[in-house]
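Biologist: Before I rely on the labels attached to this model, I would like to hear the reasoning behind some of them. Could we go through them one at a time?

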Amino acid sequence: MRNIRIFDTTLRDGEQAPGCSMHIKEKIEVALALEKLGVDVMEAGFAASSKGDFDSVKMVAEAVKDSTVASLARCVKKDIDLAYDAVKNGASPRIHIFLATSPIHMQYKLKMTPDQVLQNIREMTKYTKSLLSNVEFSAEDATRSEREFLAKAVYTAIDAGATVINIPDTVGYSTPSEMYDLIKYLKTNVENSDKAIFSVHCHNDLGLAVANSLAAVEAGADQVECTVNGLGERAGNAALEEVVMAIKTRKDKFLAETKVDSTKIYMTSNLIYKTLGLRAPINKAIVGDNAFAHEAGIHQHGVLQNRETYEIMSPQSVGIPSNHMVFGKHSGKHAIKDRLQVLGHTLNDEEMNVFFENFKNLADKKRSISDAELIALIGHTESPYLAQEYKLDRFTVNSGNQMTSTAVVRLSYNNQLFERVALGHGPVDAAFNAVNKIIKGPDRILDDYSIQSVTDGNDALGEATVRIKYNDTIYTGTGLSTDIIEASIKAYINGINKTL
Ligand code: KIV
Ligand code: ZN
């Protein structure tokens with residue numbers, strides 16, 4: 001069995017997607033979840049792109065022990081120095097440098113001749129290698145590069161010390177057979193190809209990212225770069241959960257495996273969707289609500305006789321809990337802690353105390369609490385990394401179709417209370433206006449607002465999501481309650497806290 005390394009770039013390429021930026025504390029939560037998932041490498045960011053990115057790469061590198069942590073860098077000394085400073089204290093650091101090799105990128109973007117590109121690759125790979133032994137080189141836009149030139153670029157990078165060579169399909173242009181041929185070509189024709197691990201990084205513009213990545217694996221690539229839920233620039237990157245489950249389910253074909261603990265896929269996917277205020281499309285492979293649902297009678301009948309008639313993998317294998325248990329206000333802490341563990345969430349005592357308090361509050365309002373609601377509640381339980389500043393203390397709204405809505409909102413901040421009243425076009429608007437009077441801030445724009453129920457029924461939990469635009473960055477806030485106005489105010493405060 002070959003071991004295929006999983007290089008996760010959710011925190012870099014994923015985070016580059018519009019509306020997907022994460023707060024530094026959220027990045028650490030995600031990084032720790034990726035470590036538990038068992039990714040071999042995680043790209044924590046692009047240290048030179050901003051002070052915030054530098055800080056988060058550094059914090060992730062220092063927090064993560066079991067995965068290699070990489071920072072991206074252009075083939076520029078200043079970028080490489082910053083990447084090095086950000087990752088150097090990590091348990092297993094890597095610097096990932098990149099330079100484009102396609103004619104269109106070299107001519108119009110880099111304004112460099114092919115010879116200058118080769119010289120830059122040699123110098124900057126050597127320079128990176130002088131700082132760190134673990135160096136990855138990416139030939140950006142490799143799939144639109146001239147093969148002979150790409151081979152020279154790859155040779156040069158390996159000769160100068162690169163240990164991993166990444167072949168990105170930067171614009172998602174390739175097809176699986178082309179990707180297969182390209183990796184075979186490079187592995188066969190680059191004289192020193194046996195001195196490096198070959199990697200692929202496929203974008204999904206034509207919906208072929210996973211297929212292209214798997215074709216590359218068949219051709220000999222030993223590392224796949226991907227993101228949880230397929231997030232990433234434009235149409236995204238290859239989805240980690242799809243690549244991992246394809247290799248696992250079709251072990252017979254790939255004769256390969258990964259180190260990812262597939263039973264943690266579902267919770268990691270949920271965490272990331274929740275952090276970004278997104279939801280899986282219902283038919284999303286592996287993690288969508290319908291991924292394991294059988295509606296048609298013939299299918300249901302078949303599955304009841306033998307699951308494998310219509311299921312090629314089990315929901316449990318990706319961490320979707322099998323039996324549904326229901327909890328209520330008489331449920332004990334231990335039973336809930338055990339259930340959370342089954343659902344993939346191990347809480348320490350301190351976290352469990354906070355969670356249990358929230359659970360009890362919810363159980364006072366709802367007769368029964370399902371797995372989905374436990375998972376939702378956990379996403380809204382403050383962890384030591386996500387201690388908020390402003391909190392909702394109480395609110396009252398007065399609204400109707402023949403009147404102007406009014407809201408009185410009281411927030412707490414550092415043990416002090418602040419209360420304001422405001423009018424609005426409806427109860428949510430009035431409540432948000434009252435919050436704005438308390439937490440003043442210029443140029444904060446409510447870009448999007450939505451509310452969805454977590455489960456069915458009149459007493460379902462509502463999960464509100466807001467997107468707030470501030471200083472050209474989108475901050476996502478979420479809030480959970482059986483009362484949709486309360487969920488909305490909590491989401492708004494959660495989003496604003498992140499801007500502060
Ligand atoms: O898509 C791409 O080419 C990249 C590189 C920087 C690896 O993200
Ligand atoms: Zn990319």
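Biologist: Why is Glu-140 called buried?

Modeller: This is a predicted model, and in it the relative accessible area of Glu-140 is 15%; buried means under 20%, so Glu-140 counts as buried. Glu-140 is found in strand E6, which covers residues 135-140.

Biologist: Which residues does Glu-140 touch, leaving aside those up to four places away in sequence?

Modeller: With contact taken as heavy atoms within 4.5 Å, Glu-140 touches Phe-98, Leu-99, Ala-100, Thr-101, Ser-102, His-105, Lys-109, Ser-145, Pro-168 and Thr-170. Thr-478 is not in that list; the C-alpha atoms of Glu-140 and Thr-478 are separated by 36 Å, with their positions 338 residues apart along the chain.

Biologist: What makes Asp-13, His-201 and His-203 the donors of the zinc ion (ligand 2)?

Modeller: Donors are N, O and S atoms within 2.8 Å of the metal, and the OD atom of Asp-13 and the NE2 atoms of His-201 and His-203 coordinate the zinc ion (ligand 2) at 2.0 to 2.1 Å. Along the chain these donors follow the spacing D-x187-H-x1-H. The pair Asp-13 and His-201 links distant parts of the chain, 188 residues apart, with Asp-13 in helix H1 (residues 10-14) and His-201 in strand E8 (residues 197-202).

Biologist: How do you know whether Asp-13 is buried or exposed, and what about His-201?

Modeller: The limit for buried is under 20% relative accessible area. Asp-13 has 2% relative accessibility and therefore counts as buried, and His-201, at 5%, counts as buried as well.

Biologist: Why do Asn-229 and Asn-415 receive the labels they do?

Modeller: Asn-229 has a relative accessible area of 9%, so it is buried, whereas Asn-415, at 83% relative accessibility, counts as exposed, because exposed means over 50%. Asn-229 is found in the loop between strand E9 (223-226) and helix H10 (240-249), and Asn-415 lies in the loop between strand E12 (405-413) and strand E13 (416-424). Phi of Asn-229 is near 65 degrees, a positive value in a residue other than glycine, and phi of Asn-415 is likewise near 65 degrees.

Biologist: What makes Arg-279 partly exposed?

Modeller: Partly exposed is the label between the limits of 20% and 50%, and Arg-279, at 40% relative accessibility, therefore counts as partly exposed. Arg-279 lies in the loop between H12 and helix H13 (297-305), and, not counting residues up to four places away in sequence, Arg-279 touches Tyr-273, Gln-452, Ser-453, Val-454 and Glu-463. The C-alpha atoms of Arg-279 and Asn-229, 50 residues apart along the chain, are separated by 9.9 Å.

Biologist: Which residues lie nearest the centre of the second largest pocket, and which element supplies the largest share of its lining?

Modeller: The second largest pocket, with a volume of about 900 Å³, is lined by 33 residues, and Tyr-266, Asn-270, Asp-289, Ala-372 and Val-454 lie nearest its centre. The largest share of the lining, 5 residues, comes from H12; helix H12 (265-276), helix H16 (371-379), strand E14 (445-453) and strand E15 (462-470) each supply at least two residues. By class, the lining of this pocket has 15 nonpolar, 13 polar and 5 charged residues.

Conventions. Residues are numbered from 1 along each chain as its sequence is written. Chains are lettered from A and ligands numbered from 1 in the order in which they are written. This is a predicted model: local features need pLDDT of at least 70, side-chain atom pairs count only at pLDDT 80 or more; totals for chains, interfaces and linings use all residues. Side-chain values use heavy atoms; hydrogens and water are left out. On a 1 Å grid over the protein atoms alone, a cavity is a set of points where a 1.4 Å probe fits but cannot get out, and a pocket is an open set with protein on both sides within 12 Å along at least five of seven lines; lining residues have an atom within 4 Å of a point. Grid points are joined across faces, edges and corners, and a volume is the space filled by probe spheres set on the points. Helices (H or I, at least four residues) and strands (E, at least two) are DSSP runs, numbered from the N terminus. Ala, Val, Leu, Ile, Met, Phe, Trp, Tyr, Cys and Pro count as nonpolar, Asp, Glu, Lys and Arg as charged, and the others, Gly among them, as polar. Donors are N, O and S atoms within 2.8 Å of the metal (3.2 Å for Na, K and Ca); water is not among the atoms, so sites may look incomplete. Buried means under 20% relative accessible area, exposed over 50%, partly exposed in between (1.4 Å probe, protein chains only).
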